[in-house]
Amino acid sequence: MKRKDLFREGFKSVFQFTFTKADELTEAIKEVWEEEKTPQTKSKPRAKSPTSKEKLPAKPTTVRKRKTKMFQTLSLPPGASPDFFSLCTGCNECIFACPYAVLFPVTTGESGKIFPHLDPNAKACHLCTDWPCISVCPEEALLPYELSGEKPNFGKAKAITEHCINEKTGESTCNACFVTCPIEKTVKFKGNLPVFASSSCTGCGLCVESCPSFPKAIQIKFKKQ
Ligand code: SF4
Ligand code: SF4
Ligand code: SF4
């Protein structure tokens with residue numbers, strides 16, 4: 001077996017494990033939701049005869065729509081087509097192709113299908129010049145930027161100034177975000193503190209990754225999908 005194929009098989013087996021766990025998690029969530037929908041039965045019968053009001057069927061429990069924080073911090077892969085969810089078959093070729101292991105599978109929507117996502121606040125997209133993730137997509141779910149005429153836009157970087165080392169020290173101690181940002185003139189300094197130009201920021205997350213402060217002094221805010 002070729003070395004490349006060996007790596008590929010290794011990746012596939014790791015992600016197969018992830019898919020299995022994702023499916024199990026989805027099933028567990030469905031079960032909890034079903035339990036919530038089921039009206040609760042009283043364990044002890046009432047001593048007195050039931051009134052006409054008590055004979056009425058129990059009102060179904062209102063199921064609150066839960067929005068998990070996780071899905072609010074995820075973004076679609078680079079070049080995601082406007083019809084991404086109908087075009088992507090979940091083959092995960094883009095996941096295997098990413099040399100930085102930035103993409104990962106997430107079960108989304110009522111269909112329970114698996115789609116690739118990334119979280120630039122956790123792991124940055126390196127905006128590879130040759131876009132391996134896009135070029136490997138067999139379904140045009142990920143479109144080359146030359147075709148769409150767009151640029152990557154996962155979200156926008158925002159400074160959390162109270163966490164910035166320069167704010168804490170009162171000096172110009174750090175400029176890691178400025179040095180790391182691959183897009184010219186996107187990070188500027190106003191006094192000691194970084195300011196991010198929303199017009200050019202791609203939300204790649206490289207500045208977040210480079211920020212040495214804990215907690216991080218930069219966060220990617222996401223556009224709605
Ligand atoms: S552009 Fe590069 S780093 Fe970003 S998801 Fe695609 S392959 Fe991975
Ligand atoms: S400021 Fe630069 S490094 Fe940070 S997310 Fe925007 S484009 Fe990426
Ligand atoms: S990398 Fe972080 S700590 Fe350093 S200047 Fe930028 S925001 Fe501040």
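Here is a friendly walk through this predicted model, point by point.

1. **Ligand 1.** Start with the first ligand and look at what surrounds it. The residues around ligand 1 include four cysteines by name: Cys 98, Cys 125, Cys 128 and Cys 133. Pro 78, Pro 99 and Pro 132 are also there, together with Tyr 100, Leu 103, His 126 and Trp 131. Sorted by class, this shell has ten nonpolar residues, one polar residue and no charged ones.

2. **Ligand 2.** Now move to the second ligand. Which residues come nearest to ligand 2? Out of the 14 residues around it, these are Cys 181, Cys 201, Thr 202, Cys 204 and Cys 207. The shell around ligand 2 is made of ten nonpolar and four polar residues, and again none is charged.

3. **A closer look at Cys 207.** This residue is worth finding in the viewer, since you have just met it beside ligand 2. Cys 207 belongs to helix α10, which covers residues 206–210. Is Cys 207 buried or exposed? Its relative accessibility is 8%, so Cys 207 counts as buried. Try locating Ala 124 as well: Cys 207 and Ala 124 are 83 residues apart in sequence, yet their C-alpha atoms are 8.4 Å apart in space.

4. **The cavities.** Next, consider the empty space inside the model. Rolling a probe the size of a water molecule over the atoms shows where such space is left. Here the count comes to four cavities of 30 Å³ or more, and the largest cavity holds about 120 Å³ of space. Its lining is made up of 16 residues; those nearest the centre are Cys 164, Cys 177, Pro 194, Cys 211 and Ala 217. Two elements, α8 (165–169) and α9 (176–180), give two or more residues each to this lining. By class, the lining of the largest cavity has 13 nonpolar residues, three polar ones and no charged ones.

5. **Ligand 3.** Where does ligand 3 sit? You will find ligand 3 in the largest cavity. Among the residues around ligand 3 are Cys 164, Cys 174, Cys 177 and Cys 211, and also Ile 165, Asn 166, Pro 194 and Ile 218. Helices α8 and α9 each supply at least two residues of this shell. The class count for the shell around ligand 3 is ten nonpolar, one polar and no charged residues.

6. **The aromatic cluster.** Turn now to the rings. How many aromatic pairs does the structure hold? There are five. One of them joins Phe 84 and Phe 85 in an edge-to-face arrangement, with 5.3 Å from centre to centre and 85° between the planes. These two residues are worth checking for accessibility: Phe 84 counts as buried at 2%, whereas Phe 85 is partly exposed, with a relative accessible area of 39%. Phe 84 also pairs with Phe 115; the ring centres are 6.0 Å apart and the planes meet at 55°, so this pair is tilted. Phe 84 lies in helix α4 (residues 84–87) and Phe 115 in strand β2 (residues 113–117), so the pair ties together parts that are 31 residues apart in sequence. Both Phe 84 and Phe 115 are buried. Taken together, Phe 84, Phe 85 and Phe 115 form one aromatic cluster.

7. **Backbone features to check.** Finally, follow the backbone itself. Most residues other than glycine have a negative phi, and most peptide bonds are trans. With that in mind, look at the bond joining Phe 214 and Pro 215: this peptide bond is cis, with omega about -5°. Pro 215 is in the loop between α10 and β6 (218–222).

8. **Two positive phi values.** Leu 127 is not a glycine, but its phi is positive, about 50°. Leu 127 is placed in the loop between β2 and α6 (132–136). Lys 185, in the loop between α9 and β4 (187–190), also has a positive phi, near 60°. Which of the two is buried and which is exposed? Leu 127 is buried, with a relative accessible area of 14%, while Lys 185 is exposed, with a relative accessible area of 64%.

Conventions:
Residues numbered from 1 in each chain as written. Chains lettered and ligands numbered in written order. Predicted model: local features only at pLDDT ≥ 70, side-chain atom pairs only at ≥ 80, totals over all residues. Heavy atoms only, no water. Near = heavy atom within 4 Å. Nonpolar A, V, L, I, M, F, W, Y, C, P; charged D, E, K, R; others polar. 1 Å grid on protein atoms, 1.4 Å probe; cavity = no way out; pocket = protein on both sides within 12 Å on 5 of 7 lines; lining within 4 Å. Points joined across faces, edges and corners; volume = space filled by probe spheres on them. Helix = DSSP H or I, 4+ residues; strand = E, 2+ residues; numbered from the N terminus. Phe/Tyr/Trp six-rings, centres within 6.5 Å; stacked < 30°, edge-to-face > 60°. Buried < 20%, exposed > 50% of the residue type's maximum accessible area, 1.4 Å probe, protein only. Sits in = over half its atoms within 2 Å of the grid points.
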